[in-house]
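Okay, everyone, thanks for coming. I'll put the sequence and the structure up on the screen, and then we'll walk through them together.

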Amino acid sequence: MDFMKTVLKRRTYRGQFTHKPVSQKDLETIVEAARWSPSPFNVQPWEIITIEKQDTKDKLAKLVLKSMSAQMGDSRFLDDVSKWMSLSKDEWVQRSEGVMIDDHMDIPGFIKDKSKLRPLLKNAKNMSFLGKLGLGKIGASKFVEHIKNAPLIMIIIMNLKRMSPGENRMTWMYMGMGAFVEHILLAAISLNIGTHFINAPLETKKDRVKLRHILSIPDHYEPVCLLRLGYIQGNAGESVRLPSEKILHREKFRPKGNDKS
Ligand SMILES: Cc1cc2nc3c(=O)[nH]c(=O)nc-3n(C[C@H](O)[C@H](O)[C@H](O)COP(=O)(O)O)c2cc1C
């Protein structure tokens, strides 16, 4: 597939995958693409754990339920997230940043006019009491099913005993991991395989410890991301981006009004 076509086709896929298991050949192509990613001093700090067994998916699904429910009870998190949520497609396209509320929460069908939710978003931190009452479980249920039904799950881990040299070593390490993950995403979509980050179980140290336990990950490996993968039908979804002139500085930095408080 043409490179720009592949780049533009890749989206974070939040729908249902087809039931077809990811073929061994396609998995090998994805790993081959990932393994050729750049890393500082070529330290190659990455490894991938693939999960297809139902029993392990169920354990991960439980962790997703717990971690997402906890996020819904975390006022700081809700406040931070609300700044990046758009209530309508028009608003999202106009802002050219952030995410659509529907992609991240199950909005009850009776709420037809989503603009009525705006006061809630403005005071999102106050909604944490709903989470503390356990209502976060409702919002998390879609993602729990996504994990249980995922044709393939990948946990990407970083080996801290393959540390980059340099004072800024952790930045270089995470840059390498980012490149690795992007190779996975692009190779996958070139094979018509959609990818979806579900990172809630990696948010807190406590949950990362549980994840390590489920997958027997040693302490010197850092879990960096969780992806679910599967073949898709149709396009991979929609997204928005800031225009190039908002991110490109020629010759020197000039403020572009990009700061968010
Ligand atoms: C490090 C990272 C973590 C992310 N975590 C999640 C996540 O937990 N759940 C989710 O639905 N999307 C997650 N995303 C996807 C972003 O929301 C998505 O990349 C962004 O909205 C742009 O949309 P696009 O990927 O469809 O182009 C994550 C992306 C990155 C790079």
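So, to start: how do the residues of the shell around the ligand divide into nonpolar, polar and charged? The split is three nonpolar, five polar and four charged. Keep in mind that this is a predicted model, so everything I quote today is computed from it.

Let me name that shell for you. From the N-terminal part of the numbering we have R10, R11, T12 and R14. Then come V99 and H104, followed by the run H196, F197, I198 and N199, and finally S239 and R241.

Now the polar contacts. The side chain of R10 has an N or O atom 3.0 Å from an oxygen atom of the ligand. For R14, the side-chain N or O atom is 2.8 Å from a ligand oxygen. R241 also puts a polar side-chain atom 2.8 Å from an oxygen of the ligand. As for cover, the ligand has 610 Å² of accessible area on its own, and the protein covers 66% of that.

And where does the ligand sit? You'll find it in the largest pocket.

Last topic, the aromatics. There are two aromatic pairs in the structure. One is Y13 with F17, a stacked pair at 5.1 Å centre to centre, with 20 degrees between the planes. Both Y13 and F17 are buried. W46 and F180 make a stacked pair too, at 4.7 Å centre to centre and with 10 degrees between the planes.

That's my tour, thanks.

Note on methods. Residues numbered from 1 in each chain as written. Predicted model: local features only at pLDDT ≥ 70, side-chain atom pairs only at ≥ 80, totals over all residues. Heavy atoms only, no water. Near = heavy atom within 4 Å. Polar contact = N/O pair within 3.5 Å; in protein donor to acceptor, adjacent residues only side chain to side chain. Areas by Shrake-Rupley, 256 points an atom, 1.4 Å probe, with all protein chains shown as cover. 1 Å grid on protein atoms, 1.4 Å probe; cavity = no way out; pocket = protein on both sides within 12 Å on 5 of 7 lines; lining within 4 Å. Sits in = over half its atoms within 2 Å of the grid points. Nonpolar A, V, L, I, M, F, W, Y, C, P; charged D, E, K, R; others polar. Phe/Tyr/Trp six-rings, centres within 6.5 Å; stacked < 30°, edge-to-face > 60°. Buried < 20%, exposed > 50% of the residue type's maximum accessible area, 1.4 Å probe, protein only.
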